[in-house]
Amino acid sequence: MQQQLLAKSPKQNGEILTIEKHLTDTENAVVAIFKQRILLNWCRFFGVKDAKKFILNLRIAALFHDLGKANAEFDAAVNKKLKQQTLRHEWLSALILHLPNLRSWLASSKLDLDLEVITAAVLSHHLKASKKEWGKPRTFIKQVELFLHHPEITNILQKIAEIAAIEGLNDELPEKWAANDSLWNQAYFDADEAGEKFGDDIYDNTERRSLLLAVKAGLMAADSVASAMFRENKLLEQWVDETLHAPVITAEELEKKILQPRYSHIEKKSGKKFDLHPFQEKAQEQGDRVLLLSGCGSGKTIFGYKWHQAALSRNQVGHIIFLYPTRGTATEGFKDYVSWAPETDASLVTGTAIYELMEMAANPDDNTLHEGKKDFTTDERLFALGFWGKRFFSATVDQFLCFLTHGYSGLCLLPVLADSVIVIDEVHSFSRGMFDNLISFLQNFHIPVLCMTATLTKTRQEELKKAGLKVFPAATDEKLREIEEHLRYDVKFIDKDSAYSYAKSAYQDNKFRVLWVVNTVDRCRKIAGRREDNTGLEFDLNIEILTYHSRFKLKDRQKRHQETIAAFAYETGERKPAIAVTTQVCEMSLDLDADVLITELAPISSLVQRFGRSNRHLSHGNEFRSQILVYEPPNIKPYQKEEIQAAKKFIDHIQGEKISQAQLAKALEDYSPSERYADGNCPFLEGGYWASFQSFRETDDYSVDAILSSDLKVVGELIEQKKPYDGYVLPVPNKFAHSQWKGRPEKLPRYLAIADANLYCPRRGFGEWKI
């Protein structure tokens, strides 16, 4: 028998973590995390009625979750002597929980143990428990030696007995797992059968389902903290107290740290005293579940903070969160509002931040040690835990809500989310799948939420109302109603060939700012062109044409983003002419103020958002109308036929008239295609015994993240230095993604492809031809 049972691979300095220590640490993390305000808010969030029962079952799950690591294969793996284990350790832990002797022993507890909840949490804590694949051997090995009689395991069982009020110890545990052993086959059968019955029960028994979800998520949070504290050499209870258990945020703190600095900045920029709009003052009267409908540039975000202030007076929480649909909109939200908070309190959370975590050692369960593969869950847990101490967030929606689809980072951020009041902006832009998840979140989890958008279809408004949101139209504000009813657009259908002449004339003759929006990156690059290639607007006008789309390296995209914002920013004096060719990335939360907007036909909600990037601030006076020129694209991709057909009818209805934002909103409601309604479910709710990751967003099968061939050397050096390299990552079409390339760094994660640098231009991005 082994002298010590290792829970993780040894550190470089030789320090080890035993199974007994890790299980004890995880149980200690439960006690450290779930107390006082955090416990109350966690139970409220999940709808758990009995906090003591929750803590009891979570502590037992914490002590059981890695018991399956007590086997010879795992010991060989952590000592780098084995590539592939026959059974994942959490599968073994769940099977042990279904051994008849052990289950009878647990059932003798004098307390309120729910063995199915405990088993489900243990089985799914690494999100590798699909119903079809779990428990099936992954090698041809027929038996594995177990160390269940080791003193470390005996000590853990003794602690379980003390907590659960069980008399005596169960010492009738097997010494090996064997593929053809009737004991293990019966345990597997019993687990499958129990999982089926449990799934049926929690469908109707929502109280038990609430307990299950709270324990499953709680175990992942506690396990993450215990693992991270060992890796980072931190004192567990002290770290949790300093981060998660910081004092509540008050309305006065919000006013002082964010709103007053923001008001001062607005006054300095405009030269006028800042006064709240009446609709912003009414934010504090709206309750904890609100849908705000307010036009582009009307001041929704300040409304959001005023709503936050009222929510803080009703709810004791330690975090304020703004969620946005894209990285770009989250970044703008951070710059405009969250960044006014002290640096130690504020954070931007987007998907690219995960790339900054370099080669953290992982559990050796998934063939990760010898083939260069990477178990991302360790990176994700440390990434998420790094934000527990922040108080004000601007984030992409999936970073927090991906827990609904078993996203690991979202699950690790749940202690923050449950202790928050949140605003979710631009909800009109959510894909159908994202909106389904939003409805599931609103229906099943209890937290103050404000959703905001300029316009929204009737179907989606009805869905949000049924999910408990009160609709507050900002148009009840007389001043805002006047702004939204102002006639600011002249809309015209044109043919594609005349778009160039319109753009050149607007720029050369009228000195206007021209924003040209297309539906694909390749058309964006082609229209902008390049002087030296005698192509596109840049050649025709002999000026630099701005280009902004998604297919840039992050470091270049930030530059293109800033250039575009600067060129189309609100100005009180003489406005400099400019032309930018962009894609859908310009549609949301970007304060662009164009004089002429040229756009390809797109879904109605997208068109309304594009229109909102022109004549935004009435900079040319009340009589000026921006020109909105719409033409049919050469093909409808990436949209659906019915979306484009509806958009044609929408444009036919509004063209030839002077149009206001209010008229656009009404036409959107009248002409948008009807949608199916969400059923309120999500993988996290329906998982039961099982759990496996699914994408929060519909996956983009067309593109993959990559590194340019010209950047391989510098990225390799950054990896060796353990420095961030996310600035070199960009999305490229699958057909241009290479898994192998000369000079590929050995430690470059396999999820990153290589792309030919000859197809990339820092000013035009990546495309199908060289520029």
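This is a short walk through two sheets, several helices and a set of salt bridges in one structure, and I should say at the outset that the model is predicted.

Let me begin with the seven-stranded sheet. It is an open sheet whose strands follow the order β13-β14-β12-β15-β16-β11-β17, and the pairing within it is mixed. The strands at the edges are β13, residues 546–548, and β17, residues 658–659, and because each of these has a single partner strand, one side of each is left without a neighbour in the sheet. At the β17 end, the partner is β11, residues 489–493, which runs antiparallel to β17 and is joined to it by two bridges. Within that pairing, D490 is the residue that stands opposite K658 of β17.

Two helices can be placed against this sheet. Helix α24, residues 521–528, packs on it and touches β12, β13, β14, β15 and β16, with a direction that makes about 155 degrees with that of β14. Helix α28, residues 641–654, lies instead across β11, β16 and β17, and runs at about 125 degrees to β11.

Helix α24 also leads us to a salt bridge, so what does D522 pair with? Its partner is R551, with the closest N and O atoms 3.5 Å apart. Since D522 belongs to helix α24 while R551 sits in the loop between β13 and α26, the pair ties together parts that are 29 residues apart in sequence. Both R551 and D522 are buried.

That pair is one of 35 salt bridges found in a search of the whole structure, and I would like to set another beside it. R432 forms a salt bridge with E675, and here the closest N and O atoms are 3.4 Å apart. R432 lies in helix α20, residues 432–444, whereas E675 lies in the loop between α29 and α30, so this pair ties together parts that are 243 residues apart in sequence. The two ends are not equally covered: R432 is buried, with a relative accessible area of 15%, while E675 is partly exposed, with a relative accessible area of 25%.

E675 appears again if we look from the side of T457, a residue in the loop between β9, residues 449–453, and α21, residues 458–466. T457 counts as buried, at 13% relative accessibility, and once its neighbours within four places in sequence are left aside, it is in contact with L668, S672 and E675.

Now let me move to helix α1, residues 19–33, which offers a salt bridge within a single helix. The side chains of D25 and K21 meet there at 2.8 Å, N to O, and the two residues are four apart in α1, about one turn of the helix. Of these partners, D25 is buried, with a relative accessible area of 12%, whereas K21 is partly exposed at 43%.

The same helix has a neighbour in α8, residues 151–164: the axes of α1 and α8 come within 8 Å and cross at roughly 25 degrees. With angles under 35 degrees counted as roughly parallel, α1 and α8 are therefore roughly parallel to each other. On the α1 side the contact involves I19, E20, L23, T24 and E27, and these meet E152, I153, N155, I156, K159 and I163 in α8. By character, the residues of this contact divide into five nonpolar, two polar and four charged.

How many of the nine residues of helix α7 are buried? The count for this helix, residues 115–123, is nine of nine, so α7 is largely enclosed by the rest of the structure. Its buried residues, among them L115, E116 and T119, pack against α3, α5, α6, β1, α9 and α10.

I will finish with the three-stranded sheet, which is also open, with the order β20-β19-β21 and mixed pairing. Its edge strands are β20, residues 729–733, and β21, residues 753–755, each of which pairs on one side only, and the twist averages 60 degrees from one strand to the next. Strand β19, residues 703–708, pairs with β21 in the parallel sense over three bridges, and in that pairing I707 stands opposite I754 of β21.

Note on methods
Residues are numbered from 1 along each chain as its sequence is written. This is a predicted model: local features need pLDDT of at least 70, side-chain atom pairs count only at pLDDT 80 or more; totals for chains, interfaces and linings use all residues. Side-chain values use heavy atoms; hydrogens and water are left out. Two strands pair if DSSP finds at least two bridges between them. Contact means heavy atoms within 4.5 Å. Axes are lines fitted to C-alpha atoms, for helices over the stretch in contact, and angles run from 0 to 180 degrees between N-to-C directions. Angles under 35 degrees count as roughly parallel, over 145 as roughly antiparallel, 65 to 115 as roughly perpendicular and the rest as oblique. Ala, Val, Leu, Ile, Met, Phe, Trp, Tyr, Cys and Pro count as nonpolar, Asp, Glu, Lys and Arg as charged, and the others, Gly among them, as polar. A salt bridge is a side-chain nitrogen of Lys or Arg within 4 Å of a carboxyl oxygen of Asp or Glu. Buried means under 20% relative accessible area, exposed over 50%, partly exposed in between (1.4 Å probe, protein chains only).
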